[in-house]
Amino acid sequence: MTDQRSTFRFIDLFAGLGGFHVALDDLGGEGVFAAEWEPGLNALYEHNFGVAPWFDVAQLDDELILERVPEHDVLTAGFPCQPFSKSGKQQGFEHTEQGRLFFKVHDILRMKRPRRFILENVPNILSHDGGKTARTIREKLEELGYSVDVHRLSPHQFGIPQVRERAYFVGSIDGLDGFEWPHALGEPTTINSALHPHAGTGRSIPEQTLRAIDMWQDFLRRSPDEVKLPSFPIWAMEFRATYPYENTTPPQAWAHNRPRDLYSYDGSFGFPLDGLTGRQQHALIPSHARRDGDFEFPAWKQTFIRQNREFYRMNRSWIEPWIIEWQPWDFHSSFQKFEWNAQGGNRDIDDYILQVRASGIRVKRPTTAPSLIAMTHTQVPILGAKISGTAARRYMTPRECAELQSLGGIDLPSSDLAAYKALGNAVNARVVRAIAETLLADLAVEKTSSGQAAIA
């Protein structure tokens with residue numbers, strides 16, 4: 001008797017944890033090839049999906065593509081995003097290690113001619129180099145005969161409590177007349193849907209981080225109810241500061257070997273600059289205002305400095321005792337910054353989700369988690385004590401972060417740090433599935449029990 005089901009064959013490039021595989025397998029697809037250069041993830045992919053990945057896409061020249069990459073109906077690739085990310089140097093295609101890997105994807109499309117593809121990257125790729133990068137990608141794909149479209153989507157639009165917008169390129173060799181991008185559900189989300197009530201405390205939060213959270217908790221407690229907390233980032237180092245930032249800047253004075261130009265000003269938290277050498281002054285100027293050659297600050301930076309100094313002047317009566325008690329200059333510069341993204345909410349940090357970033361401690365409502373990123377484990381979301389399930393602040397566990405990426409059904413790296421990094425790089429399986437449902441609707445393949453396949 002013949003065992004038949006509707007299916008299609010797909011390949012998974014830059015596979016990582018296999019978000020594309022999870023999504024397309026769920027739609028009846030069969031993964032026939034994968035590539036992943038990180039050894040631990042390479043082995044884990046085979047464990048999870050039974051496909052032994054090729055190691056390095058960069059090694060796939062035309063001869064190897066013909067030899068190693070099987071025929072397939074769908075190509076998927078989350079090609080490296082670092083060359084296009086705002087958090088990196090944005091070198092794009094000029095990134096010597098990763099930027100040109102898109103062209104390896106292009107080579108496989110050129111030689112194997114799958115009927116569909118789905119590519120994923122950071123949204124900044126659409127504006128990178130004034131839009132030239134995205135235009136190049138689109139033109140190169142269209143030259144191969146594909147109809148191409150691109151759209152931004154985030155998991156929170158599909159009921160998943162994470163705001164993580166990504167750019168998705170789709171292509172079809174048969175045209176895209178019948179394709180529609182999935183519509184957002186418009187339903188409210190809550191972080192509780194991703195939490196495991198018996199997760200435990202997991203990895204310890206560093207003591208300095210907890211002290212910094214306590215410091216900003218006290219800031220909120222001292223703030224009078226009638227005072228609206230800033231919607232702009234709070235830069236505490238600008239409290240008491242008077243150094244010039246509009247018509248001239250500290251780096252300009254130092255470049256001309258004129259530290260005396262700053263003698264009448266105060267640096268971070270009001271530390272006087274009078275009588276100091278340029279090197280000594282440099283240590284007392286906020287990191288955002290002392291970069292060499294930064295002779296004119298951009299308008300947004302001038303605005304933030306002005307807003308913070310005005311906020312301090314208008315609220316000096318309760319901010320001064322806070323400064324005296326906590327001496328925030330003793331904390332790392334990232335802890336001296338605070339983003340309150342819960343306007344109108346209860347002023348209790350433990351009601352919210354936190355994330356420590358270079359831009360400061362960010363506080364978000366518990367409707368969604370911050371975007372998972374792979375830069376460092378210290379940026380894993382922290383749950384406030386009132387929503388953590390443990391009566392104490394804690395990091396989200398790798399398994400909970402996997403729920404945010406719709407990857408709750410696979411095994412993760414055994415090391416928490418490796419798991420966090422991989423999840424930060426992963427593609428969200430639920431979003432991919434929503435895209436693929438209409439893009440691949442007509443790719444019916446009859447698969448017999450003997451394993452032979454043919455386009456229906």
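The legends below describe several close-up views of one predicted protein model.

Residues are numbered from 1 along each chain as its sequence is written, and side-chain values use heavy atoms, with hydrogens and water left out. Because the model is predicted, local features need pLDDT of at least 70 and side-chain atom pairs count only at pLDDT 80 or more, while totals for chains, interfaces and linings use all residues.

**View 1. The whole protein, with its 13 helices and 15 strands.** Helices (H or I, at least four residues) and strands (E, at least two) are DSSP runs, numbered from the N terminus. The C-alpha atoms fill a box of roughly 85 × 50 × 40 Å, taken along the principal axes. Of the 456 residues, 51% are buried, where buried means under 20% relative accessible area, exposed means over 50%, and partly exposed lies in between (1.4 Å probe, protein chains only). Among the contacts with a separation of 6 or more, 66% come from residues 24 or more positions apart; a contact means heavy atoms within 4.5 Å. The protein exposes about 20900 Å², and carbon and sulfur atoms supply 48% of this area, which comes from the Shrake-Rupley method with a 1.4 Å probe, and for residues only the protein chains shown count as cover.

**View 2. An open sheet of six strands in the order 3-2-4-5-7-6.** The pairing in this sheet is mixed, and two strands are said to pair if DSSP finds at least two bridges between them. Strand 3 (30-34) and strand 6 (147-153) stand at the edges with a single partner strand each, so one side of each is left without a neighbour in the sheet. Neighbouring strands of the sheet are turned by 20 degrees against each other on average, direction ignored. Axes are lines fitted to C-alpha atoms, for helices over the stretch in contact, and angles run from 0 to 180 degrees between N-to-C directions.

**View 3. Strand 4 (residues 74-77) and its two partners in the sheet.** Strands of a sheet pair through backbone hydrogen bonds, either parallel or antiparallel. Four bridges join strand 4 to strand 5 (residues 116-121), and these two strands run parallel; strand 2 and strand 4 also pair in the parallel sense, over four bridges. A77 of strand 4 is the bridge partner of L13, and A77 has L119 as its bridge partner in strand 5, while T76 stands opposite I118 in strand 5. V74 and T76 point one way from strand 4, L75 and A77 point the other way, and all of them are buried.

**View 4. Strand 7 (166-172), between strand 5 and strand 6.** Seven of the seven residues of strand 7 are buried, so this strand is largely enclosed by the rest of the structure. Its two faces are both covered, with R166, Y168, V170 and S172 buried on one side and A167, F169 and G171 buried on the other. Six bridges join strand 7 to strand 5, and the two run antiparallel; in this pair, L119 stands opposite F169. Strand 6 and strand 7 pair in the antiparallel sense as well, over seven bridges, and G171 of strand 7 is the bridge partner of V148.

**View 5. Two helices that lie across strands of the sheet.** Helix 1 (residues 19-26) lies across strand 2 (9-13), strand 3, strand 4 and strand 5, and runs at about 165 degrees to strand 2. Helix 13 (residues 429-439) lies across strand 5, strand 6 and strand 7, and runs at about 20 degrees to strand 7.

**View 6. Two loop residues, N257 and A391, with a positive phi.** N257 is found in the loop between helix 7 (250-255) and helix 8 (278-283), and it has a positive phi of about 55 degrees although it is not a glycine. This residue, N257, is exposed, with a relative accessible area of 63%. A391 is found in the loop between strand 12 (382-383) and strand 13 (394-395); A391 has a positive phi of about 65 degrees, although it is not a glycine, and is exposed, with a relative accessible area of 71%. N257 and Y395 are 138 residues apart in sequence and 47 Å apart in space, C-alpha to C-alpha.
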